[in-house]
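Q: Please take a close look at a single part of this model, and then set that part within the chain as a whole. I would like one connected account, with each term explained where it is used.

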Amino acid sequence: METISIVGGGIAGLALASCLDQDRFEVTIIEKRPELPAVGTVLAMWPNAQRALERAGVLAEARAVSPVVGSGSIRDASGNPWITVNGGDMFGISRIDLLRLLDSAVPASVRRTTATAGSVPAEAGLVVGADGVHSVVRREAWGTRTAARLTSCLAVRGIVPSRVDPQDVGEYWGRGDLFGVANASLGINWYGSYRSGLGPSGIDVAAVLEQTRHHFAGHAPVIRRVLAEATPEHTLVQRIWTTPRLRSYVRGNAVLIGDAAHAMTPNLGRGACEALVDATTLAELLNTLPVKEALASYNRRRRLRTQALALASSAMMRVALADRAQPLRDRLLGLARRRNQRAAVVSSSPR
């Protein structure tokens with residue numbers, strides 16, 4: 001049997017392990033944290049991610065524990081809507097639930113090792129870097145010049161045990177900041193982002209939460225209400241990191257998936273989705289093709305697409321967090337809203 005070592009037991013690593021042919025491959029997951037996280041926020045599952053969950057055999061269970069996203073609006077800081085988007089059949093699943101379901105889908109034959117990978121396993125057959133934005137596999141096989149890049153933005157997110165009025169669901173764009181709210185299975189999923197020099201390590205969550213309340217004190221009432229309910233125990237705070245564009249996701253006996261390959265800003269909500277698609281695509285190719293051909297095909301299918309999404313997400317972040325250009329952005333979005341309203345009136349008028 002051929003051996004595959006998956007470095008990282010997060011979303012991408014677990015999804016890959018759940019889909020690999022156990023009769024062909026001897027699979028090991030190397031994960032430094034054996035327990036699943038106790039705190040997590042909600043991840044929107046786009047159609048491509050739902051197809052990946054179906055391949056992993058957990059789509060029905062994921063839907064059962066997740067509300068449909070529904071519609072939401074992009075708004076100004078006071079709450080006036082600019083654009084309303086219908087999410088269709090998209091649903092939002094807790095990261096904890098997603099990891100639990102993927103973990104349960106991993107066959108018992110997969111070996112699990114609790115360890116911190118300090119380097120790429122020397123004689124481990126194929127090595128899959130599923131170890132996140134600070135990937136050891138990427139550093140060792142691609143070099144230190146591919147180290148993660150720190151953005152100027154802080155991401156603060158959490159869950160509060162109440163519900164938000166559907167008419168308030170969406171993202172609120174202010175001057176150099178954004179805030180989002182949506183209903184989730186456990187309450188309101190919320191997230192905020194603004195520029196900060198804190199961290200990247202040693203961040204005090206309670207202090208940041210208080211700073212965030214002060215930062216958004218002049219924003220829409222729903223934002224102030226959510227932050228008043230938020231507690232440090234159910235809040236995550238991180239600086240946002242990205243991965244530099246790579247010429248290939250394959251090098252020697254190593255291949256990268258998920259954030260290890262293409263960590264992007266969260267503004268399109270596609271990071272976890274693309275990690276799932278990476279994993280199921282790679283598994284399908286490895287199950288049906290010789291390893292070398294499978295890796296080449298994976299690289300062709302996934303590299304340009306994920307890098308284009310990463311660029312689009314960065315561009316969206318610049319627009320959403322516009323500072324000096326915020327007045328111009330708001331005027332343009334206001335014009336777009338009025339144009340859409342006039343078009344709707346014309347289309348509904350009797351002829």
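A: P200 is found in the loop between strand 12 (187-195) and helix 6, where helices (H or I, at least four residues) and strands (E, at least two) are DSSP runs numbered from the N terminus. The model is a predicted one, in which local features need pLDDT of at least 70 and side-chain atom pairs count only at pLDDT 80 or more, whereas totals for chains, interfaces and linings use all residues. Residues are numbered from 1 along each chain as its sequence is written, and side-chain values use heavy atoms, with hydrogens and water left out.

The peptide bond that joins G199 and P200 is cis, with omega at about 10°. Helix 6, on the other side of this loop, covers residues 205-215 and contains L209. With a relative accessibility of 1%, L209 counts as buried; buried here means under 20% relative accessible area, exposed means over 50%, and partly exposed is in between (1.4 Å probe, protein chains only). If residues up to four places away in sequence are not counted, L209 touches W190, L227, A230, T231, P232 and T235, a contact being heavy atoms within 4.5 Å. One of these partners, T235, is 26 residues from L209 along the chain, and their C-alpha atoms are separated by 8.0 Å.

H215 also lies in helix 6, but its relative accessible area is 31%, so H215 is partly exposed. Leaving aside neighbours within four places in sequence, H215 is in contact with D177 and Y194. G143, in turn, is 72 residues from H215 in sequence, and the two C-alpha atoms are 39 Å apart in space.

D177 leads on to another loop, since it is also among the contacts of L321, together with C153, G176, L178, S193, R195 and R329, again leaving aside neighbours within four places in sequence. L321 has its place between helix 10 (291-320) and helix 11 (326-348), and its relative accessibility is 0%, so it counts as buried. The C-alpha atoms of L321 and A184 are separated by 25 Å, with their positions 137 residues apart along the chain.

The nonpolar cores give a further view of the interior; each is a set of buried Ala, Val, Leu, Ile, Met, Phe, Trp, Tyr and Cys residues joined through side-chain atoms within 4.5 Å. The largest has 59 residues, of which I6, M45, L53 and L102 touch the most other members. Helix 9 (residues 271-288) supplies the largest share of this core, 10 residues. A second, separate core of 21 residues includes V156, V208, V222 and I223.

M45, to return to the largest core, touches Q50, L53, M90, F91, I93, L98, A272, C273 and L276, residues up to four places away in sequence not being counted. Two of these partners, Q50 and L53, are among the buried residues of helix 2 (residues 47-56), along with N48, A49, A52 and A56. Just after helix 2, G57 takes a positive phi of about 85°. In helix 1 (residues 11-19), nine of the nine residues are buried, so this helix is largely enclosed by the rest of the structure. By contrast, P37, in the loop between strand 2 (25-31) and strand 3 (42-45), counts as partly exposed at 34% relative accessibility, and it touches I96 and L99 when residues up to four places away in sequence are not counted.

As for the whole chain, it holds 11 helices and 15 strands. Its radius of gyration (taken over C-alpha atoms) is compared with a globule rule of 2.2 Å times the number of residues to the power 0.38; the value is 21 Å, close to the 20 Å that the rule gives for 351 residues, so the chain is as compact as a globular protein of that length. The C-alpha trace spans about 65 × 55 × 35 Å along its principal axes, and buried residues make up 50% of the 351 residues. Among contacts with a separation of 6 or more, residues 24 or more positions apart account for 72%.
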